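Let's take a look at a protein chain together. Have the picture open while you read, and try to find each spot as it comes up.

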Amino acid sequence: LRKDVTLTLACLGTSPLLWLATTSFSRWVFPSYDESRKRLDRLVTTFSETVQGMSVVKGFDREADRLALFERRNAELRDQQRGIFRRVSLFSPAVD
């Protein structure tokens with residue numbers, strides 16, 4: 001503070017803006033993270049159920065259906081996470 005009062009005030013003056021930007025970003029991206037966790041849970045559940053019921057899946061010749069379901073859920077999760085990464089990549093340089 002003793003060295004340069006103007007510089008100190010300029011740095012402290014941007015703190016509320018930084019807080020506002022960070023809070024807004026958190027509120028914007030939080031629902032996406034929540035949805036991503038739900039999609040990951042569905043993907044893991046699909047995989048686990050398929051592995052546990054492999055004899056039934058094979059017995060009824062449902063491998064292609066289960067693979068298609070897994071691929072669809074995997075694509076949904078991937079697309080959701082790309083959206084999150086896109087938002088984070090827009091926000092991070094603005095704060096740095």
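Here is a short tour, going from the whole chain to a few single residues.

## The overall picture

Keep in mind that this model is predicted. The chain has 4 helices and 0 strands, so if you walk along the sequence you meet the pattern α-α-α-α, with helices as defined by DSSP runs.

How does the chain fill space? Its C-alpha atoms take up a box of roughly 80 × 20 × 20 Å along the principal axes. The radius of gyration tells a matching story: the chain has 23 Å, while a compact globule of 96 residues would be near 12 Å.

## Surface, contacts and charge

What share of the 96 residues is buried? The figure is 18%. The chain exposes about 7,600 Å², and 61% of that comes from carbon and sulfur atoms.

Now for who touches whom. Take the contacts between residues at least 6 apart in sequence: 73% of them join residues at least 24 apart. As for charge, you'll find 16 positive and 12 negative side chains, and the centres of these two sets lie 6 Å apart.

## Around the first loop

Find Thr14, which sits in the loop between helix H1 (5-13) and H2. Is Thr14 buried, exposed or partly exposed? Thr14 counts as partly exposed because its relative accessibility is 45%, and that class lies between the 20% and 50% cut-offs.

The side chain of Thr14 reaches the backbone oxygen of Cys11 at 2.9 Å. You can also compare sequence and space here: Thr14 and Ser89 are 75 residues apart in sequence, and their C-alpha atoms are 21 Å apart.

## Thr50 in helix H2

Next, go to helix H2 (residues 15-52), where Thr50 has its place. Thr50 counts as buried because its relative accessibility is 12%, which is under the 20% cut-off.

Which residues does Thr50 contact, leaving aside neighbours within four places in sequence? They are Val57 and Arg66. With Arg66 there is also a polar contact, side chain to side chain, at 2.9 Å.

## Asp61 and its phi angle

Asp61 lies in the loop between helix H3 (54-59) and helix H4 (63-95). What is notable about its backbone? Asp61 has a positive phi of about 55 degrees although it is not a glycine.

Asp61 is exposed because its relative accessible area of 61% is over the 50% cut-off.

## Two residues of helix H4

Helix H4 holds Gln80. Is Gln80 buried or exposed? Gln80 counts as buried because 14% relative accessibility is under the 20% cut-off. Not counting residues up to four places away in sequence, Gln80 touches Ser32, Glu35, Ser36 and Arg39.

Arg86 is found in helix H4 too. Arg86 counts as exposed because its relative accessibility, 53%, is over the 50% cut-off. How far is the C-alpha atom of Arg86 from that of Cys11? The two are separated by 28 Å, and they are 75 residues apart along the chain.

Terms used: Residues numbered from 1 in each chain as written. Predicted model: local features only at pLDDT ≥ 70, side-chain atom pairs only at ≥ 80, totals over all residues. Heavy atoms only, no water. Helix = DSSP H or I, 4+ residues; strand = E, 2+ residues; numbered from the N terminus. Rg over C-alpha atoms; globule rule 2.2 N^0.38 Å. Buried < 20%, exposed > 50% of the residue type's maximum accessible area, 1.4 Å probe, protein only. Contact = heavy atoms within 4.5 Å. Areas by Shrake-Rupley, 256 points an atom, 1.4 Å probe, with all protein chains shown as cover. Lys, Arg positive; Asp, Glu negative; His and termini not counted. Charge placed at Lys NZ, Arg CZ, Asp CG, Glu CD. Polar contact = N/O pair within 3.5 Å; in protein donor to acceptor, adjacent residues only side chain to side chain.
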